[in-house]
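Q: Please take a close look at one helix in this structure and the nonpolar surface patch on it. Keep it brisk.

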Amino acid sequence: IYVHTGAALRHSIGGQQHPLTCQTAPSSSSGALAISSLPSTANLVRPPSASAAVPNPRKTHHRWWPWHRSGKLGERIRLTDATMGASSCSSVRLLLPLLCLLGFCFAASHQKSDSCDGDLQVARLVPFDTDAFHCITLWKDEDFILRYKNTGSSQWSFVLSAPEKRSYVAVGFSGKGGMVGSSAMVGWSSGGKGVAKQYYLQGRSPEAVTPDDGRLTLVRNRTVAVSKSGRLYLAFELSTDRPQPYLIYSVGYEGSLPSSSDYTIQMHRDMGSRSFKFASASPSSAGGESGEEGFPAKRWHGLLSMMGWGVLLPMGMMVARYFRRQDPYWFYGHIAVQGLGFLIGIAAVVLGFRLNGDGLKNIVVHKVIGISILSMACLQVRTQHRIFLEFESH
């Protein structure tokens, strides 16, 4: 039974909608409705007006499918939900072992690291007493840890710790911070056996670096290289009143170990140098960086750069943007803040040129970016000077 409510009455046959014919019954049958019989689908002719008014069943079907839970479509949706639930459970099950593995790797890497806060792990393998040694982070990027002590009259003991990466590590002593003309101790591990030798750095080519030669007076039977827990320990003792004031250090390419025939050493992958005050145990860079107790020059360089280029110059632009109503004071404030930022940036650049690389990566790219910023700032100051002259003339 279909009840007419004033809207177009339709019936669905075979997934298609067809109009129904509705007539009012005679007065003798008050309140009754006479509905004509439905025609067969073969003989059914849809009126043009009704055909235009009927929406596309496919479009309607896709429009309401998220809320349709009956029939084959509902079964597909329920199957998809079940599949997604199973995938989520599988993802959780796979995620837990992965987190455990990452935690284990972190713990293992932490155990392999060395720091000045902990004790020397190979103290019993070193041929001299390592109690009460001074400890510094010699090279942060390569995780070089240096322990040293004045162990006797005209006798200094050193232990260098570095990650074991199938490459050699070296630490030397120089009078002016240069490589040429200095001597260095080089250590590596080959086949589970540690090797330590002194090299004389006569030049920059591999042929000019000669093994078992140099100006360091080594104490006999007090030189050893030990590999343990993923780190290489190079220990040696020098017979001298005071080592030379500059430390030089380097690391070789992975897999390029000196040959056992002539012990020729290949070019290093990276190197650095810094001055060192052995009396106070405070390292400083070759460019005059203060010791660990003071504020390092590299931090001053970063602080001044941040204040000049990153704080004051943007503040000057904000003054010009948001204080235009305070005419003409906004312009003078803009010029003052921008000029102060420019001067502080200049001081940061000058200080940066006085610093050496000190083992920092991408130091050339850093300098290129700094010079580019300085050049653009100079162009901005020149433009502001012209605007200032025009402003004063008016």
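**Helix α4 and its nonpolar patch**

A: The chain has six helices and 16 strands. The model is predicted. Of its 394 residues, 31% count as buried. The accessible surface of the chain is about 24800 Å², and carbon and sulfur atoms hold 58% of that. Contacts between residues at least 6 apart in sequence join residues at least 24 apart in 58% of cases.

Now the helix. α4 covers residues 297-322, and Trp-300 lies in it. The helix has 26 residues. From first C-alpha to last, α4 reaches 36 Å, close to the 38 Å expected at 1.5 Å a residue. It is not straight throughout: α4 bends by about 30° at Met-307.

Next, the patch. Trp-300, Leu-303, Met-306 and Met-307 make up a nonpolar patch on the surface. Together these four side chains' residues have about 360 Å² of accessible area. Met-307 is thus named twice: in the patch and at the bend. Trp-300 counts as partly exposed because its relative accessibility is 40%, and partly exposed runs from 20% to 50%.

Then the buried residues. In α4 they are Ala-297, His-301, Ser-305, Gly-308, Trp-309, Leu-312, Leu-313, Gly-316, Val-319 and Ala-320. The helix has a second tryptophan here, Trp-309, and this one is buried, whereas Trp-300 is partly exposed. His-301 and Ser-305 are on the buried list too. A general point helps in reading such a list. An α-helix has 3.6 residues a turn, so residues three or four places apart point the same way.

Technical notes:
Residues are numbered from 1 along each chain as its sequence is written. This is a predicted model: local features need pLDDT of at least 70, side-chain atom pairs count only at pLDDT 80 or more; totals for chains, interfaces and linings use all residues. Side-chain values use heavy atoms; hydrogens and water are left out. Patches are made of residues with over 30% relative accessible area and no salt bridge: like charges are joined within 9 Å, nonpolar side chains (Val, Leu, Ile, Met, Phe, Trp, Tyr) within 5 Å. Accessible areas come from the Shrake-Rupley method with a 1.4 Å probe; for residues, only the protein chains shown count as cover. Helices (H or I, at least four residues) and strands (E, at least two) are DSSP runs, numbered from the N terminus. Buried means under 20% relative accessible area, exposed over 50%, partly exposed in between (1.4 Å probe, protein chains only). The expected span of a helix is 1.5 Å times one less than its number of residues. The bend at a residue is the angle between axes fitted to the seven residues ending there and the seven starting there. Contact means heavy atoms within 4.5 Å.
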